Each structure stands twice: as C-alpha cells, then as structure tokens.
Amino acid sequence: MTAPDIYLDAQIRSWVLVPITLAMFLIGVLRHLVQQLMKNNNVKVELKNVREAQCVLRAQRLRQNSGYLPPSKFSSKRLFFTHKDLGVLHEIKDQAPPNPLAAFGMGGGAGATPDPSQLVDMMKKNLSMVVPQIVQYNWVAFFFSGFVVAKVPFALTMRFRAMLQRGVDLNSLSVTYVSSLSWYFLNLFGLRGVFSIVLGENSIDDYANMQNQMQMGMQDAPKAYTMERENLELVSHTWHLPLVERHCIKMLQEKIATN
C-alpha cells in the first residue's frame with residue numbers, strides 16, 4: 001500500500017526552505033571572505049620539496065595519458081624519468097626519514113627555528129569550517145525542526161528514509177518527502193558546485209588542499225620516486241590515434257542500430 005500524498009503549504013517554501021538555502025549560501029560566502037582575511041601569505045615553501053612533488057605529478061600524468069603520445073615520444077619521456085643512470089626518478093638515493101614537523105617549519109635540526117605559524121593557520125581554517133557548520137545546524141534544528149519542506153520527484157527505496165527524513169519520525173510518510181534537517185545536509189554538500197561558480201573553482205576546497213599539503217610535506221620522497229618509477233616501467237603503451245577511426249565507426253554503428 002502506497003502512502004498518500006500530502007500537500008505542502010506555500011508558506012513552508014517561503015519561510016523554511018528558501019531561508020535555509022539562502023542563509024547557508026550567505027554563510028558560505030562569508031566564510032570564504034573570512035578565510036581570505038585570515039590567510040597567511042608568508043608561508044615558506046622549500047624549492048626542493050616543490051620540485052620533488054612536481055616530478056612525481058609529471059610522471060603520473062605521463063603514465064595516465066600515455067596513449068595520446070606516439071611510441072617514440074613516450075619511450076623518450078619514460079626514459080627521461082626511469083633511466084638507470086640519468087633518470088629523474090633515480091636522483092634521490094638514501095635519505096634520512098622525513099620529519100613530520102618539517103612540513104610546518106618545526107624540524108628539530110641544528111639551528112632550526114620553530115615556526116608554529118602554519119599550525120596556527122591550519123587551526124584557523126579548521127575553526128572557520130567547523131564553527132559555521134555547528135551554528136547552522138543548531139539554527140536549523142532549533143527553528144525548523146519537524147518541517148517537511150520538499151518532495152523528490154522520483155521513487156526511492158526505504159533505505160533513503162534515514163537520509164531524507166531526519167527529525168521526522170513518521171513511518172506512514174512516503175520516503176520521497178524531505179525534512180528540514182535533511183534539506184540542510186543536502187545543501188551542505190550540494191552548494192559546493194554553486195560556490196565553485198560564484199567564488200572560484202578552488203575556493204571551497206581549502207580543507208582538501210590543506211590535507212594534500214600535509215601529505216606532501218610528510219611524504220617519503222624516495223619511496224614515492226621508487227613507486228612511480230616502477231609503475232611507469234610497467235606501462236604497456238598503446239597509441240590511441242590509429243584506433244580512432246575504428247572507434248568512431250563503432251560508435252556510429254551503435255547509434256544507427258539504436259535508432
């Protein structure tokens with residue numbers, strides 16, 4: 001037996017659904033501006049670490065896009081990275097184990113001066129991400145708890161009930177209806193695309209960038225070089241250009257068959 005449809009009041013749309021979306025968008029813009037104000041532009045980056053990271057990235061791009069290069073060009077580029085004596089990925093030999101604090105300028109070497117500014121900058125970014133989310137969640141839970149604000153225009157299974165109907169405990173309600181708390185979580189992840197258009201492509205991914213920087217700083221360069229060199233040596237090269245005509249003919253035949 002299907003659950004009966006219910007009619008949502010237009011006032012719910014005007015005073016619950018739209019304010020939640022608008023408030024989350026404005027808070028996201030404000031958070032971005034605050035992060036720009038708190039951003040530390042005097043971060044010290046060692047040229048050696050940047051060169052090592054870029055070398056690994058270049059080798060990865062070569063391996064992933066090898067099919068777009070002719071065999072001779074790919075062989076010469078692979079030799080540039082993997083040559084036993086002159087290869088770039090053979091440059092790093094034995095090296096001391098990486099210091100986890102070296103990424104933040106707090107290495108314990110002789111004459112090293114602790115620089116906690118990067119740790120403070122990371123803490124500021126974390127606070128600028130966590131505090132607005134806590135405020136928004138409590139605001140929605142306090143003022144708009146228990147509202148059904150929208151309906152999904154397609155059928156869903158019962159597994160989606162916990163995701164779409166947080167704060168509304170009605171087993172007789174169809175799974176396609178969305179509660180106010182669930183609408184908050186949908187906006188929390190769904191507005192990232194809007195922010196990337198309005199504020200810039202990489203403006204909302206500060207937390208992900210921060211994690212990547214930590215991983216780069218703590219990465220064991222000899223191991224990364226060895227792993228990427230072995231992966232590059234195992235690549236079985238196939239040039240895509242001679243197969244383009246055959247691939248296009250196959251696509252056209254499939255399209256004609258479906259029509």
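This report describes one helix pair and the nonpolar cores of a predicted model.

## Basis

The model is predicted: local features need pLDDT of at least 70 and side-chain atom pairs count only at pLDDT 80 or more, while totals for chains, interfaces and linings use all residues. Residues are numbered from 1 along each chain as its sequence is written, and side-chain values use heavy atoms, without hydrogens and water.

## Packing of α2 and α9

Helix α2 (residues 47–64) packs on helix α9 (residues 221–233) at about 15°, and their axes lie 10 Å apart. The two helices are therefore roughly parallel to each other (an angle under 35 degrees). The crossing of α2 past α9 is left-handed.

On the α2 side, the contact (heavy atoms within 4.5 Å) is made by Arg51, Glu52, Cys55, Val56, Ala59, Gln60, Leu62 and Arg63. Helix α9 contributes Ala221, Ala224, Tyr225, Glu228, Asn231 and Leu232. By type, the residues of this contact comprise eight nonpolar, two polar and four charged.

## Nonpolar cores

The largest nonpolar core (buried Ala, Val, Leu, Ile, Met, Phe, Trp, Tyr and Cys residues joined through side-chain atoms within 4.5 Å, where buried means under 20% relative accessible area with a 1.4 Å probe, protein chains only) has 16 residues. Val16, Ile20, Val140 and Val149 have the most contacts inside this core. At least two of its residues come from each of α1 (10–38), β1 (148–151) and α6 (180–190), and α1 supplies the largest share, five residues.

Beyond its neighbours within four places in sequence, Ile20 is in contact with Trp139, Val140, Phe144, Ser180, Trp183 and Tyr184. Another core, of twelve residues, lies apart from the largest one and includes Cys55, Val56, Leu62 and Ala224.

How values were computed:
Axes are lines fitted to C-alpha atoms, for helices over the stretch in contact, and angles run from 0 to 180 degrees between N-to-C directions. Helices (H or I, at least four residues) and strands (E, at least two) are DSSP runs, numbered from the N terminus. Angles under 35 degrees count as roughly parallel, over 145 as roughly antiparallel, 65 to 115 as roughly perpendicular and the rest as oblique. A crossing is left-handed if the near helix is turned anticlockwise from the far one by less than a right angle, and right-handed if clockwise. Ala, Val, Leu, Ile, Met, Phe, Trp, Tyr, Cys and Pro count as nonpolar, Asp, Glu, Lys and Arg as charged, and the others, Gly among them, as polar. Buried means under 20% relative accessible area, exposed over 50%, partly exposed in between (1.4 Å probe, protein chains only).
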